[in-house]
Amino acid sequence: MVKISPRTAASPDLDPVRPRRWRPRQITQLAALPPVMRLLVLTQLAFNVGFYMVLPYLATHLAEDLGLAAAMVGLVLGLRTFSQQGLFVVGGALADRYGPKPVVLAGCALRVLGFVLLGLAGSATGVIAGALLTGFAAALFSPAVESSLAREAGERERSGEGPARSEVFALFAVSGQVGTVTGPLVGTALLLVDFRLACMVAAFAFVLVGLAHLRWLPRRPAAHAGEPLLAGWSEVLANRRFLAFAAGYSGWLLCYNQLYLALPDELRRATGGQSALGWLFVLSSVMVIGGQLRITGWARSIGRGRAIVLGFSLMALAFAAVGVARLLPDPPSWAVLVPAVAMVVLLTLGEMLAVPVAQDLVPRLAGERRLGAYFGVLSSAGGVAVLIGSTAVGALLDPSVPAAVPFFVLAAVPVAGALVLATLARRGALAPATPA
């Protein structure tokens, strides 16, 4: 007979001598999620890796490799953004009508086709087709993924078997930021060969994402199968408190997009170039990856309404800081980057406070129904704000306009949003609707 010592027989989980391996809090919480929720959270990582592997370098490819004029480059980028943000309402309605799984799979297939076209196209027509496909693909799968995650996390939270839904959306944000940092690094390495290779690798990444969802994403019955596609939109448009919330919240996306418009302008003014831009993006990503879960936990403790209003107030301070700095005499050389750093830090903190809590509020305001349509309308409202607001900000960044003006105008946007959201919170309009 073989003797088994007590040490050998003891379970590793019950052994008091064996030290526990340290793991970051994000990894621990991700591992604790049910498989479907884990798949949806990691989907955001995979989406952003594939996206940022190619899109940051698209403008350079169009101008230098294909020789397109600056106006044509702007048109291609604008069409891609509009086909994504402007059509979120379509993707959300389709997710409600047919269920999230087929819509996610269709979005992955279109993203693969779009990246292949971008890599192979040698003319403006092919490039525009590829850009439109990549944008519309995101308009399909993003609302479907967000609504699926909201539904799964909401059911677990109400049953007491999982974390708060806002914490799950915080993990979703962290996962996306990891992809945002990783994607450009992979893309830079691939571009040492050529742009075509980067596009093909990104396309292959979305093939893998699609196969993962085909295998593991359950096909839930569509809650609104058989109903007209416009039925979801009419219900959303009849929800006045959600529309007021969407109007106040839509300024967030405009504020966030200033990392690509107003921040580079500030760096050019302060340093004569944009060499620090990459480092500032890394700073923002590190803040989200390292602190998002703690910030979201604190936001829940102070209340949803207060957290969102405070987040928007920090966004306003981010732009006001740069505006005030532009009114002051030229700073010493060691301080030229202080306004830009302050803008990135305050803007990121505001986003960390407001966004996961707001994403948790959407299904609550929707009564836990037609989540695809609600998330789609919210995203499209932000897209309209970006389209109108960024055009105005671009005009204000003209050298003929006083340097501080665009940043004080930008500061007014989150102030207006905070006033709207504070009014809703004070009237109790941000309280959950009765689930259908």
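Let's go straight to helix H15 and its packing partners: the buried residues of H15 pack against helices H2 (25-32), H9 (165-190), H14 (262-271), H16 (304-327) and H17 (338-365). Helices here are DSSP runs of H or I, at least four residues, numbered from the N terminus, while strands are E runs of at least two. Packing is judged by contact, meaning heavy atoms within 4.5 Å.

Before I go on, this is a predicted model: local features need pLDDT of at least 70, side-chain atom pairs count only at pLDDT 80 or more, and totals for chains, interfaces and linings use all residues. Residues are numbered from 1 along each chain as its sequence is written, and side-chain values use heavy atoms, with hydrogens and water left out.

Okay, so which residue is the kink in H15 centred on? That's Gly291, and the kink in this helix, residues 277-302, is about 60°. The bend is the angle between axes fitted to the seven residues ending at a residue and the seven starting there. Gly291 is also one of the buried residues of H15, along with others including Leu280, Met287 and Gln292. Buried means under 20% relative accessible area, with a 1.4 Å probe and protein chains only. Right after H15 comes Gly303, with a positive phi near 105°.

Now zooming out. The protein chain has 19 helices and zero strands. Its radius of gyration, over C-alpha atoms, is 23 Å, close to the 22 Å from the globule rule (2.2 Å times the number of residues to the power 0.38), so for 436 residues the chain is as compact as a globular protein of that length. Buried residues make up 49% of those 436.

Conventions. Buried means under 20% relative accessible area, exposed over 50%, partly exposed in between (1.4 Å probe, protein chains only).
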